[in-house]
Amino acid sequence: MNLTVDARSPIPIRRQLTEQLKHAIESGSVPRDQTLPSIRELAGFLGINTNTVARVIEDLKRSGYVEARRGRGVFVASAPPARPSPHLRERFLQETVIRAAALGMAADDLAVGVLSVVGVRPDALQGSVEVLLVECSPPELDFFAAQLEGHLPIRVDKVLLGELPAAVRRRKPTGRWKAAVTSFCHLPEVERLLGGRGVPVIALLAEAHLETLHRLAQLPAGTRVGVAAAAVETAHSLEHSIANAALPNIVLVGTCPAESPVLGRLLRRVDVVVCSTSAAERVRQLAAPSVRVLIDDRALDPRAIEMLSAILVRQNGARAAAAPPSAPRRGSPRRSGGSTRRRDPTRTTVR
């Protein structure tokens with residue numbers, strides 16, 4: 001367990017140690033039911049006050065990460081809480097630190113900057129925002145919803161493209177859906193159906209993982225590659241992403257849904273098949289032992305996520321600026337007869 005504290009950091013030592021211990025427990029660096037060093041040992045090792053360490057341990061007890069056992073010490077809880085998507089949080093922090101370093105910001109500069117904006121964190125990222133997701137198949141809806149909700153604290157309302165007109169009439173989205181997202185091929189239709197309702201539409205792009213493209217690039221020249229997925233839309237999207245990489249050493253043979261009766265025919269014509277996790281079992285049942293199977297579930301283009309978060313934050317700022325400072329007092333005169341101007345709906349695409 002690697003613990004460090006920085007007395008010069010603007011982050012309180014108590015908070016530094018608490019978050020490090022939580023991360024160590026969540027990541028498995030400190031196994032469940034293992035005893036922690038004593039308060040005096042931790043304080044001596046880190047060179048900090050024992051009262052600070054005692055408060056940290058109390059914080060961890062209250063949050064369920066550790067438990068005191070009479071006469072034996074403090075142990076990691078047998079079932080500590082798990083914050084959502086710890087690997088996504090860690091990757092985000094690493095990317096943030098790297099970006100900050102590229103701008104010449106030291107760790108303390110970044111910490112101070114984050115602390116300075118904590119007090120004005122926008123409501124748009126507090127988890128109460130509902131975003132409309134439109135796709136043509138349930139697998140695509142589930143894929144994009146999981147990607148979006150894994151990166152942003154939002155609630156995704158999933159609607160099939162064929163059911164969107166009824167959903168628009170039934171749910172009156174003005175003021176409810178803060179944005180709509182769909183794939184590029186459905187963008188014109190979704191914009192048409194939401195036209196005039198003030199809901200910005202963002203086009204999403206799901207690409208093959210860079211690791212998959214790297215592995216494909218290392219294959220011998222002339223390697224025949226096929227693509228399979230649970231849904232035909234997913235298969236075509238994955239194939240399109242691989243084709244855009246323009247790898248000169250491979251030949252794309254075609255795509256096929258996992259449950260299609262012609263999947264076996266495709267697998268007999270390829271040397272390598274790229275498929276989603278949901279299709280992998282079916283592919284391995286039908287493929288010859290010589291056929292290499294690469295698993296790729298695609299990844300949402302991070303630029304689309306950044307665009308969506310920027311729109312939500314911008315909307316929140318506009319609402320805050322337009323909000324009156326206080327409600328009028330009873331009996332005070334009201335102005336009337338003013339005119340209002342309707343803004344054009346926002347059209348936003350991300351490629």
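**Figure 1. Contacts of Val283 in the predicted model.** In this predicted model, Val283 touches Ala228, Leu263, Leu267, Val273, Cys275 and Val293, leaving aside residues up to four places away in sequence. Its place is in helix α12, which covers residues 277-286. With a relative accessible area of 0%, Val283 is buried. Another residue to look for in this view is Ala229: Val283 and Ala229 are 54 residues apart in sequence, and their C-alpha atoms are 9.2 Å apart in space.

**Figure 2. Helix α1 against helix α3.** Two packed helices are described by the angle between their axes and the distance between the axes. Here, helix α1 (residues 13-27) and α3 pack at an angle of about 45°, and their axes are 9 Å apart. That angle makes α1 oblique to α3. The crossing of the pair is right-handed. On the α1 side you will find Ile13, Arg14, Leu17, Thr18, Leu21 and Lys22, which meet Thr52, Val53, Arg55, Val56, Asp59, Leu60 and Arg62 of α3. Sorted by kind, the residues of this contact come to six nonpolar, two polar and five charged.

**Figure 3. A closer look at Thr52.** Thr52 has its place in helix α3. Is this residue buried or exposed? Thr52 is buried, because its relative accessible area is 17% and buried means under 20%. Not counting residues up to four places away in sequence, Thr52 touches Ile13 and Arg14. Both of these partners belong to the α1 side of the contact shown in Figure 2.

**Figure 4. Helix α2 against helix α3.** At what angle do these two helices pack? Helix α2 (residues 39-46) and helix α3 (residues 50-62) pack at about 125°, with 9 Å between their axes. This makes α2 oblique to α3. Their crossing is right-handed. From α2, the contact draws on Ile39, Arg40, Leu42 and Ala43, and from α3 on Thr50, Val53, Ala54 and Ile57. These residues divide into six nonpolar, one polar and one charged. If Val53 looks familiar, that is no accident: it is listed in the contact of α3 with α1 and in the contact of α3 with α2.

**Figure 5. Helix α6 and its buried residues.** Helix α6 (residues 138-151) has 14 residues. From the first C-alpha to the last, α6 reaches 20 Å, close to the 20 Å expected at 1.5 Å a residue. Which residues of α6 are buried? They are Glu140, Leu141, Phe143, Phe144, Ala145, Gln147 and Leu148. When reading such a list, it helps to recall that an α-helix has 3.6 residues a turn, so residues three or four places apart point the same way.

**Figure 6. Two loop residues with positive phi.** Most residues other than glycine have a negative phi. Asp33 is not a glycine, yet has a positive phi of about 70°. Asp33 is found in the loop between α1 and α2 and is partly exposed, with a relative accessible area of 38%. Ala246, also not a glycine, has a positive phi of about 55°. Ala246 lies in the loop between α10 (232-244) and β9 (250-257), and a relative accessible area of 59% makes Ala246 exposed.

**Figure 7. The whole protein, for orientation.** To place the close-ups, it helps to step back: the secondary structure comes to 13 helices and twelve strands. Of the 351 residues, 38% count as buried. Among contacts between residues at least 6 apart in sequence, 64% join residues at least 24 apart.

Key:
Residues are numbered from 1 along each chain as its sequence is written. This is a predicted model: local features need pLDDT of at least 70, side-chain atom pairs count only at pLDDT 80 or more; totals for chains, interfaces and linings use all residues. Side-chain values use heavy atoms; hydrogens and water are left out. Axes are lines fitted to C-alpha atoms, for helices over the stretch in contact, and angles run from 0 to 180 degrees between N-to-C directions. Helices (H or I, at least four residues) and strands (E, at least two) are DSSP runs, numbered from the N terminus. Angles under 35 degrees count as roughly parallel, over 145 as roughly antiparallel, 65 to 115 as roughly perpendicular and the rest as oblique. A crossing is left-handed if the near helix is turned anticlockwise from the far one by less than a right angle, and right-handed if clockwise. Contact means heavy atoms within 4.5 Å. Ala, Val, Leu, Ile, Met, Phe, Trp, Tyr, Cys and Pro count as nonpolar, Asp, Glu, Lys and Arg as charged, and the others, Gly among them, as polar. The expected span of a helix is 1.5 Å times one less than its number of residues. Buried means under 20% relative accessible area, exposed over 50%, partly exposed in between (1.4 Å probe, protein chains only).
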